[in-house]
Amino acid sequence: MTRGFLDGIGRVIAAPTLILGLYAVTLLTAAPLGVLIRDAVATHLDSSAAADTVASGVGWEWWEEFQAQADGIATTLEPRIIGFAAVLTNLSGIADYRLPHWTVLLAIAGYIVVWLFLIGGVIDRLARQHRVTSSGFFAACGTYFLRFIRLAVLAFTTYWLLFQVIHGWVFDELYGHLTQNLTVERTAFFIRIGLYGLFGLMVIAVNLVFDYAKIRAVVEDRRSMLGALIAAFRFVRRRPTSTFGLYFINGGFFAGVLIGYAIVTPSPTGSDLAVWAAFLVGQAYILARLFTKLVFYASQTAYFQSQLAHALYVATPVRRWPESPVAEAISESRT
Amino acid sequence: MNAQRWPALAALLFVGLGLLITSPKPAPLAIVAAAQASFPSPTGMVIGPPSQRNASYSIDVRLDPDKRSLKGREVLTWRNIANVTTSELQFHLYYNAWKNTRSTWMREQLMGRRSSLHERPADDWGWIEVTAVRLLGTENTPPIDLIAGAHHIALDDGNAHDETVLAVPLPYPVEPGDVVNVEFEWTSRVPRTFARTGTIGNYFLLAQWFPKIGVLEDTGWNCHQFHAATEFFADYGTYDVRMTVPTDWIVGATGVERQVTDNGDGTTTHHYYQEDVHDFAWTVSPDFIDVRKQFKHPVLPDVQIRVLLQPEHVGQAVRHVAATRTTLKYFGEWFGAYPYDHVTVVDPAWQSRTGGMEYPTFFTAGTRWLAPRDVPDPEDVTIHEAGHQFWYGAVGNNEFEYAWLDEGLNTFASVRALDLSFSPHYRSTRFFGGFIPWVFRDIPWSRSVDGNRVGGYRRSNARQDPQITPTYRYWPGTAGSITYNKTALWLHTLERHLGWATLQRGMAAFYEAWRFNHPKPDDFFEAINTSAGTDLGWFFDQVHGTSKVFDYGIDQITSRPLTTRGYTDVDGNKPVFSDVRSDATYETTVVVRRLGDGVFPVDILTHFKDGMSEREQWDGVADWKAFTYMRSERATQAFVDPEHVLLLDTHRTNNSRTIKSRTGQAATKWMLTWIVWLQDLLLTYGFFV
């Protein structure tokens, strides 16, 4: 497990372009919407002297007024986005199944589609452990995109069942039943923690199986996503300690990143310098999160490969862009 | 028989029958004498009791926690202090609000808040059933049974299904000054709390739990049905209450405990007594931790503070005590001394929904297991409810009709006290099912914004109801904002307009004049007018009498070199065309606009590049007004109402304009912060890929 984790870290460090590319995707998804927020703030402030207060602090009086008139995506500009509260807002939103504003959901959907396109190339690169050209990378992306779309349909259905049905049952029905007559908040808190753990395990189990399904699809060049999913399930079932153990090591690493950010998050409410410092620290945190996510994939890929006969086995040669028949004919005539 | 005798005989027969049917007026019981007893003042002068004590109760009640039932017997001694005669008595039966979904309270809750209260399971509902009503006489006169004539009435809305008011016809009219003694027997089922009173587990908060007489005014009975947006109204009296509960359970109640009697059957009777109050509430639970502290002050009388804490909040006892002391100190100094020598603070059980309620000498606070010290919870609730001991308890306005008079005054005063005693503190939020607190140390709690609850006032649509509307007729969804938030805002506006000393003097005079009495809005306005030495009717008429909104804004600010272009007369000759531009003089024009329909005098402050400024006063009546200045420097900024006196103007951003704005910096800052949040959110959802 630990070797797989360390191996995974090594593979991600060896692929900085992947991190930077994915970071660019994250930033480019968020930035245009950020411009909308900027416009909304600027329109409301107009040439008011309140801008002085807002620029040099929080300007809570203004913010409160802004929120009251905001609509659309501007309604998401609330104190919960400041510093580490932003992280807790998002994690808590998932844990309590509170969906964000629909405009943000659209952005998330688009981001997930881009990831579905890229993930084949990402796993392919991490599995090969050597540089691939950008054309090779995108060729792999294209090869697996439709397969992962099919897998995503299965994943979406499973997660939908988990959050729409089981989450409601666990946190509305079961939690409500367990705490209905409780008069001690502390007890209810620990019950809720327990249920988060229970539900989290279910989510992790599903996530784990789908991770290995993607890994098997790439490493073994599987065409059937149902087959990949079943194979992944078998793989996890036969090695529960190792697969879950590795997952939890990665989870611990992720927790470390969160704790680190919680410690160093600067306040964005001071001078211009402080604002940019907070933004840069935030970007470093986003990079660290991306690194963590890739380590998840890389370490699980490494572990999966270690369980095969050949540790670095990848079923297919490096992908190439498909050429037109004419170009291929010319190319072959030259050789 | 001589036909001429018939009228006389008929008259005799009528009188005779009348004597048979109409019972003689019984003499009052001894308790009346006690209730009206005079007592010596510290100076030796004999003075009367502080209140009229015209509605006094002697109650015996037994709680069966397993059945969640109360079985009680009360003797009400009621004296008619109105100038009218009455032939019936009217009583509140508040528990019937939770008898079914057809009560007025439930209907209004569902209408205003789309609440899911109607989905409550069978066990949750509660009610009160009067089993006997008797008019008591003296030892020689038998009681007269009144139950047959007792019937529910619903004069507010005609809801035939509402059983929260019971009318009891009397066998004879009660003249002004007359006294009657009425005995009730009743049983009730304690609800799982819908609002304010009820039970969960072995925690009971029992309020509005007994048949309680309404208030007879010169215009008739003031005994409203129980409404979603209103609270209570009652006359002052003496409460002598014996509560029988399981032995070893801890009781807290209005008043002081006089006696504890172990009945030997697993129950204990706690005897509490209190004079000059208009209600009686109690709580009982085996889990309470009983903390007692003293309030001491160089001038104000000592007060014993008793805190009944939930075990999981034992570490917060000091916070409740500090908050209660703060209220007793500041309210005592500002308005007048707390009129009792004890107060009980109840820390309600989690999920009991009984927190944040006031009763005479007794109130419920509210807190959380994880309560960061730099967030004003539980202090804000504790100060507010302790403040009600002054505004509601001592000054007993009609909460059915002018709830703002206690809730609004108290909100204003309690956040003022909170601000003075517990700053700095910060805004917060909660994550993960509402359990994990997070403190925004970048956002200090603000009295003008958070204390006055500006957000709620904005969201509620200030135009929904004029404040003068009787509270029980407010739209239930916005009643709170009109009652609490708007009043706090206009009182804070008055504080800034008149100065604290003037407002405080007026409120103190109002407190002194109406302690142990039932003031009306005009009484408050009169007290403030007197203190201010001016008629503020123009203000009260707008904020209380209408739903006008206030909004002033700087429409434009321009500052250009002075130019003159066109024809001018030169030394009496023909007009000559000229185009003159003076770089030494700048013409600055500031246009102020009244955007709302409310009118308030405002200042206009214009700053210039050389650091100088110009201040103007505007009565704020016209739709707009322009101010022009000729100065050697350009203007930089203009403000209308620069000190933000008019806190009711909730559109503050348009109150200023600058020539060179920092809007771009401000907008960029929040854009960058927001982008990091969204990136994190994308990655959080990226977990599922």
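Where in chain B is the place of B:Pro378? In this predicted model, the loop between β25 (362-364) and α5 (379-387) of chain B holds B:Pro378.

**Figure 1. A cis peptide bond leads into B:Pro378.** The bond joins B:Asp377 and B:Pro378. Its omega is about 20 degrees. On one side of the loop is strand β25 (362-364) of chain B, and on the other is helix α5 (379-387).

**Figure 2. The peptide bond from B:Ser423 to B:Pro424 is also drawn, and it is cis.** Here omega is near -5 degrees. B:Pro424 sits in the loop between α6 (404-421) and β26 of chain B. Strand β26 spans residues 426-431 of chain B. That strand appears again in Figure 5, where buried residues of α5(A) pack against it.

**Figure 3. B:Asp248 has a positive phi without being a glycine.** The angle is near 80 degrees. The residue lies in a loop of chain B, with β16 (237-246) on one side and β17 (250-253) on the other. Is B:Asp248 buried or exposed? It counts as exposed, because 9 C-beta neighbours fall inside 10 Å.

**Figure 4. B:Arg453 is not a glycine, yet its phi is positive.** The value is about 55 degrees. Two helices of chain B flank its loop: α7 (447-451) and α8 (454-459). B:Arg453 counts as buried because it has 20 C-beta neighbours inside 10 Å. The cut-off for a buried residue is 20 or more.

**Figure 5. Helix α5 of chain A packs against elements of chains A and B.** The helix covers residues 84-95 and has 12 residues. From first C-alpha to last it reaches 17 Å, close to the 16 Å expected at 1.5 Å a residue. Its buried residues include A:Ala85, A:Ala86, A:Val87 and A:Leu88. A:Thr89, A:Asn90, A:Ser92 and A:Ala95 are buried too. Which elements do the buried residues of α5(A) pack against? In chain A, they pack against α8 (185-219) and α10 (240-264). In chain B, they pack against β26 (426-431), β27 (436-444) and α13 (663-686). After the helix comes A:Tyr97, with a positive phi near 55 degrees.

**Figure 6. Chain B is shown as the setting for the views of its loops.** Its secondary structure comes to 13 helices and 34 strands. The C-alpha atoms fill a box of roughly 120 × 85 × 60 Å along the principal axes. Of the 689 residues of chain B, 47% count as buried. Among its contacts between residues at least 6 apart in sequence, 69% join residues at least 24 apart.

Key:
Residues are numbered from 1 along each chain as its sequence is written. Chains are lettered from A and ligands numbered from 1 in the order in which they are written. This is a predicted model: local features need pLDDT of at least 70, side-chain atom pairs count only at pLDDT 80 or more; totals for chains, interfaces and linings use all residues. Helices (H or I, at least four residues) and strands (E, at least two) are DSSP runs, numbered from the N terminus. The expected span of a helix is 1.5 Å times one less than its number of residues. A residue is buried if 20 or more other C-beta atoms lie within 10 Å of its own, exposed if 12 or fewer, and partly exposed in between; C-beta atoms are placed from the backbone. Two residues are in contact if their C-beta atoms, placed from the backbone, lie within 7 Å.
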